[in-house]
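Here are a few short exercises to work through with the model open on your screen. Try each task before you read its solution.

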Amino acid sequence: MTPETAHRLHQKFPKKHNHYALKDFFQFNTDRGTITDWNDTRNVLTSEDFIIGLLEGLQEEVGDASAAIMYTVGLEWGKFDSLQFERWFEKEFSMSPRRANLMFLLETWWWPFISQGWGRWEVDMSDRKQGFMFINLFDSAVARTLGDVGKPVCHLYAGLFAGFFTEMVRKQLSCIEIQCYSMGETYCKFLLGGRERIDAAAFWMNEGANARDIEKRLRAGEGGA
């Protein structure tokens, strides 16, 4: 970050938290051709054609391995973003993220993604003590762009969630999308948990199980500890 790229409202309103308006969150520097946000992160605008081109190009080059590549990209992104998040959270709220209320912490992490067009989310923590949780994502940028293709397509999001939560809880976690807008559903649904449960969910999906089946089996104690 340089004085030229630092968000101008930081100095004007150093204690401001409610910076949700587009003109407050983003800073457009037309002279430098850059877009920075409230957290001093560089942003790039892309079109739906870019997303389609990226995914279809990757599919053409590596076939079904494209899903694993997008997941890995998301995983590394999530790990990196967790470190960035800890930095700006402590700076903005003068406290460690680990001392914050969990739901406040998660909403604070995700709302910049909403501003950037990645969609709204809803975290279901009711099964947290059992070692897994569900995340509902509304208006996924990837699924919305690709439309109804009959299979999960939000591998980037799954990796992002796995990477972020792995760093935050200091425990290796995995994630899988078990319901997707691109399967004709109204929203996307992700399962986050240990590797054993994610592998079990993937197996059940290959056998034809839907999200409701998977939820039921996990809550019945199947899929490992």
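Helices and strands here are DSSP runs, numbered from the N terminus. Bear in mind that this is a predicted model.

**Exercise 1. Work out the order of the strands in the open sheet, and find its edges.**

Step 1: Go across the sheet and you read β4-β5-β7-β6, 4 strands with antiparallel pairing.
Step 2: Look for strands that pair on one side only; these are β4 (120–124) and β6 (174–179), the edge strands.
Step 3: Check the twist: neighbouring strands are turned by 25 degrees against each other on average, direction ignored.
Step 4: Zoom in on β5 (residues 132–138) and β7 (residues 188–193), where 6 bridges hold the antiparallel pair together. In this pair, L137 sits opposite C188 of β7.

**Exercise 2. Find which helices lie on these strands.**

Step 1: Start with α5 (residues 102–115), which lies across β4 and β5 and runs at about 160 degrees to β4.
Step 2: Move on to α8 (residues 195–206), which packs on the sheet and touches β5, β6 and β7. The direction of α8 makes about 25 degrees with that of β6.

**Exercise 3. Decide how many disulfides the structure has, then check C175 and C180.**

Step 1: A search of the whole structure turns up 0 disulfides.
Step 2: For C175, the nearest cysteine sulfur belongs to C154 and is 11 Å away, so there is no disulfide, as the cut-off is 2.5 Å.
Step 3: For C180, the nearest one is that of C188, at 4.0 Å, and again C180 is in no disulfide.
Step 4: Buried or exposed, what is C180? With 0% relative accessibility, C180 counts as buried.

Conventions:
Residues numbered from 1 in each chain as written. Predicted model: local features only at pLDDT ≥ 70, side-chain atom pairs only at ≥ 80, totals over all residues. Heavy atoms only, no water. Buried < 20%, exposed > 50% of the residue type's maximum accessible area, 1.4 Å probe, protein only. Pairing = 2+ DSSP bridges. Helix = DSSP H or I, 4+ residues; strand = E, 2+ residues; numbered from the N terminus. Axes fitted to C-alpha atoms, helices over the stretch in contact; angles between N-to-C directions. Contact = heavy atoms within 4.5 Å.
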